[in-house]
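I opened my notebook today to look up a few things in this structure. Come along and read over my shoulder.

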Amino acid sequence: MTRGANEHPFFARIWPFVAAHEAQAVRDLRRENLAGLSGRVLEIGAGVGTNFAYYPKSVRQVVAVEPEPRLADKARGTAADAPIPVVVTGDTAEQFTAGEPFDAVVCSLVLCSVHDPIGVLVHLRSLLRPGGQLRYLEHVASAGPRGRLQQFVDATFWPRVAGNCHTHRDTERAIVAAGFQVETARREWTLPFWAPVPVSELVLGRAYAP
């Protein structure tokens, strides 16, 4: 059997365990990232559906994109117990199209793993209604020694074992370069002491499509 371009068998085995044991601080940030959303929401890189339980009931529908087939299967199981309607699709962010524009796009720990972050963000902006929001909780490039460590792991083993994750990406700059206007953003050091240092710094933000 030939492995597809979007299949990451090792990552798909370990991620459900990691997601089930997230630090409470990260869960709180997920909940904050989704607070106040309403209407139709597009979620990119849904993983096993960790966010689904945190969506407010004001959301009419979530369309969740997850191209890794094993994770998508688990996400469909999670969707069955979600408090709001969730449809899971196996498209990539680049491939996904929709007729009706979305009120918001949610990205959680996913922009680190796409091949062309700015291109993906430009495409996501095209799927939003005017004034629609981008909500993001993402790994972000650190400064100093931690940043140099990120560059080292990105050039060696990390993308191979972590589903193409690249830890030293200037996610905030990519969001602005894609045409979004950032409303709020802050950085958080939230993961427990045993977590891998390269992914310990997160950025939580809201932006909108003019």
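**Entry 1: the elements**

I counted first, and I found seven helices and seven strands in the protein chain. The model is a predicted one, so I keep that in mind throughout. Next I wrote down the order of the elements from the N terminus: α-α-β-β-α-β-β-α-β-α-α-α-β-β. The list begins with two helices and ends with two strands.

**Entry 2: the whole chain**

How does the radius of gyration compare with that of a compact globule? I looked it up: a compact globule of 210 residues would have a value near 17 Å, and the protein chain has 16 Å, so the two agree. I also boxed in the C-alpha atoms along the principal axes, and the box came out at roughly 45 × 40 × 35 Å.

Then I asked what share of the residues is buried. I noted 51% of the 210 residues. For contacts with a separation of 6 or more, I found that 71% join residues 24 or more positions apart.

I turned to the surface as well. The protein chain exposes about 9800 Å², and 56% of that comes from carbon and sulfur atoms. For charges, I listed 22 positive and 21 negative side chains. The centres of these two sets are 2 Å apart.

**Entry 3: two residues with positive phi**

I went looking for positive phi values outside glycine and stopped at Leu109, where phi is near 55 degrees. I placed Leu109 in the loop between strand 4 (102-108) and helix 4 (117-126). Is Leu109 buried or exposed? The cut-off for buried is under 20% relative accessible area. Leu109 has 18% relative accessibility, so it counts as buried.

Asn164 was my other stop, with a positive phi of about 70 degrees although it is not a glycine. I found Asn164 in the loop between helix 6 (158-161) and helix 7 (171-177). Asn164 is buried too, because its relative accessibility is 14%.

Which residues does Asn164 contact, beyond its neighbours within four places in sequence? I wrote down His8, Cys112, Ser113, Val114, His115 and Pro159. I took the C-alpha distance for one of these partners: Cys112 is 52 residues from Asn164 along the chain, and the two C-alpha atoms are separated by 7.7 Å.

I looked at Ala162 in that loop between helix 6 and helix 7 as well. Its relative accessible area is 13%, so Ala162 is buried. From Ala162 to Ala64 I got 20 Å between C-alpha atoms, with their positions 98 residues apart along the chain.

**Entry 4: Thr92**

I found Thr92 in the loop between strand 3 (86-89) and strand 4. With a relative accessible area of 10%, Thr92 is buried. Where does a polar atom of its side chain lie close to the backbone? I found the backbone nitrogen of Gln95 at 3.1 Å from that side chain of Thr92. Leaving out neighbours within four places in sequence, I listed Asn6, Val65 and Pro67 as contacts of Thr92.

**Entry 5: Asp154**

Asp154 sits in helix 5 (residues 144-155). I noted a relative accessible area of 14%, so Asp154 is buried. Which backbone nitrogen does the side chain of Asp154 reach? I traced it to His168, at 2.8 Å. His168 also turns up in my contact list for Asp154, along with Pro159, Cys165, His166 and Thr167, not counting residues up to four places away in sequence.

For a distance check I picked Pro83, which is 71 residues from Asp154 in sequence. Their C-alpha atoms are 37 Å apart in space.

**Entry 6: Gly205**

My last stop was Gly205, in strand 7 (residues 201-208). Its relative accessibility is 3%, so I marked Gly205 as buried. Which residues touch Gly205, once neighbours within four places are left aside? My list reads Asn33, Leu134, Arg135, Tyr136, Thr184 and Ala185. I also looked up Val182, which is 23 residues from Gly205 in sequence and 7.5 Å from it in space, C-alpha to C-alpha.

Note on methods:
Residues are numbered from 1 along each chain as its sequence is written. This is a predicted model: local features need pLDDT of at least 70, side-chain atom pairs count only at pLDDT 80 or more; totals for chains, interfaces and linings use all residues. Side-chain values use heavy atoms; hydrogens and water are left out. Helices (H or I, at least four residues) and strands (E, at least two) are DSSP runs, numbered from the N terminus. The radius of gyration is taken over C-alpha atoms; the globule rule is 2.2 Å times the number of residues to the power 0.38. Buried means under 20% relative accessible area, exposed over 50%, partly exposed in between (1.4 Å probe, protein chains only). Contact means heavy atoms within 4.5 Å. Accessible areas come from the Shrake-Rupley method with a 1.4 Å probe; for residues, only the protein chains shown count as cover. Lys and Arg count as positive and Asp and Glu as negative; His and the chain ends are not counted. The place of a charge is taken as NZ of Lys, CZ of Arg, CG of Asp or CD of Glu. A polar contact is a pair of N or O atoms within 3.5 Å; within protein, one must be able to donate a hydrogen and the other to accept it, and residues adjacent in sequence count only if both atoms are side-chain atoms.
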